[in-house]
Amino acid sequence: MLSIGLTVAVSCQEEEPEIVPTMDSEISLDTASIVVPASAGTYSISYRISSPAMGGDVEAICPDSWVNSFSYDAENDSTGVISFNVNENTGEDRTASVSVIYSNATQAATFTVEQANPYKVFASELNNTSWEATFCRFHRDSTIFNEVNPENQSELWYIKITAGEYADQYALDWNMANPDNLITAEDALSFEFTESVEFTTFFHVRFYDGWVEVSDGMTTPAGGAELTRVYGEYKYDEDTGILEVHDVGNTLYEREVVYKIRREGDHITFRCTYMWWPDYMADYFDDNDRFGFVLPNYDGSRCFMPYGYLSYELIPWEDDELMQ
């Protein structure tokens with residue numbers, strides 16, 4: 001009988017043990033909320049992992065598509081940074097929740113992204129800043145032109161017309177005198193602050209350490225003047241854009257003044273919605289702000305002081321005085 005021997009090859013190499021997650025790691029974030037403006041941008045948040053596991057992965061998940069494009073930069077096994085994009089917001093305020101998962105942790109860390117509407121101005125954008133006006137816009141019906149004595153412009157007369165009536169007549173007179181350079185009434189419903197060799201007109205708003213100063217004036221080669229209109233401590237509600245000021249800038253009286261602040265594209269609008277006046281001034285202006293400059297009609301035979309709806313368009317201004 002033929003005997004056949006069978007041999008079984010046995011490998012001496014041991015199989016690598018399977019890595020079983022212990023799930024005893026914890027992931028935490030350096031903040032619970034990130035507040036961003038309406039414009040698109042890239043932001044980041046830092047994370048920290050306690051008891052990190054070898055080969056552990058971090059992943060951020062957001063169900064809202066306007067928070068997207070997550071990327072990860074691990075500084076070491078324990079810390080790192082997550083970057084992400086936020087799309088432009090063209091609607092109301094919105095909030096998204098982001099979950100940050102670590103593969104060896106039983107619980108995710110979460111943070112929220114709060115994005116403002118396109119018109120919101122944050123309190124942090126105002127503190128210790130200076131602004132200058134490029135235009136003051138009038139409203140056809142809500143801006144009133146109070147006539148003043150052309151020979152003595154501090155003398156107010158009880159003759160009032162609307163800004164629309166003023167603009168219509170100004171455009172008519174201009175176009176009759178300048179048939180090759182026509183304007184519309186809309187062109188006369190604003191005042192442009194100018195800077196030239198002959199003169200400069202300005203309107204300034206300064207915020208510093210909880211105080212605000214509103215001033216205007218004019219300079220010429222011979223000199224100039226700046227008049228403080230409002231000066232005092234303020235409270236600002238960035239959700240409503242309401243700025244409340246306790247004005248102590250006048251030596252005769254203190255008063256309350258309220259402004260509305262709103263973002264409009266590349267500038268912010270600054271408009272007084274309430275201003276207390278003593279009785280002798282309230283007879284002329286009620287509880288409205290008045291414009292700091294007297295405006296003539298086309299031929300200069302009549303002069304007016306606007307009050308009521310005055311919307312200043314402000315842009316950042318490098319104020320040497322504030323930076324000192």
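This passage describes an open sheet, the cysteines and the largest pocket of a predicted model.

Four strands are arranged as an open sheet of mixed pairing, in the order β2-β8-β7-β4. Strands β2 (33-36) and β4 (58-61) occupy the edges; each has a single partner strand, so one side of each is left without a neighbour in the sheet. From one strand to the next, the twist averages 20°.

Within this sheet, β7 (residues 94-102) and β8 (residues 109-115) are paired in the antiparallel sense, with 7 bridges between them. In this pairing, T95 of β7 is placed opposite E114 in β8. Strand β7 also runs antiparallel to β4, to which it is joined by 4 bridges. Here V58 stands opposite Y102 in β7. The side chains of a regular strand alternate between the two faces of the sheet. For the edge strand β4, the covered face carries V58 and A60, whereas E59 and I61 belong to the uncovered face. V58 therefore belongs to the covered face of an edge strand and stands opposite a residue of β7, Y102.

The cysteines were examined next. A disulfide is a covalent bond between the sulfur atoms of two cysteines. With a limit of 2.5 Å between sulfur atoms, the count of disulfides is 0. For C136, the closest cysteine sulfur is that of C272, at 11 Å, which is too far for a bond. For C303, the closest cysteine sulfur belongs to C136, and the separation of 17 Å is likewise too far for a bond. Both residues are classed as buried, because their relative accessible areas, 0% for C136 and 6% for C303, fall under the 20% cut-off.

Attention then turned to the space left open at the protein. Rolling a probe the size of a water molecule over the atoms shows where empty space is left. The largest pocket holds about 400 Å³ of space. Its lining comprises 16 residues, and those nearest the centre of the pocket are Y170, S190, F191, E192 and L295. Two or more lining residues are contributed by each of α1 (163-177), β11 (190-192) and β18 (295-296). Of the elements, β11 gives the most to the lining of this pocket, with 3 residues. By residue class, the lining of the largest pocket consists of 10 nonpolar, 4 polar and 2 charged residues.

Conventions. Residues are numbered from 1 along each chain as its sequence is written. This is a predicted model: local features need pLDDT of at least 70, side-chain atom pairs count only at pLDDT 80 or more; totals for chains, interfaces and linings use all residues. Side-chain values use heavy atoms; hydrogens and water are left out. Two strands pair if DSSP finds at least two bridges between them. Axes are lines fitted to C-alpha atoms, for helices over the stretch in contact, and angles run from 0 to 180 degrees between N-to-C directions. Buried means under 20% relative accessible area, exposed over 50%, partly exposed in between (1.4 Å probe, protein chains only). On a 1 Å grid over the protein atoms alone, a cavity is a set of points where a 1.4 Å probe fits but cannot get out, and a pocket is an open set with protein on both sides within 12 Å along at least five of seven lines; lining residues have an atom within 4 Å of a point. Grid points are joined across faces, edges and corners, and a volume is the space filled by probe spheres set on the points. Ala, Val, Leu, Ile, Met, Phe, Trp, Tyr, Cys and Pro count as nonpolar, Asp, Glu, Lys and Arg as charged, and the others, Gly among them, as polar.
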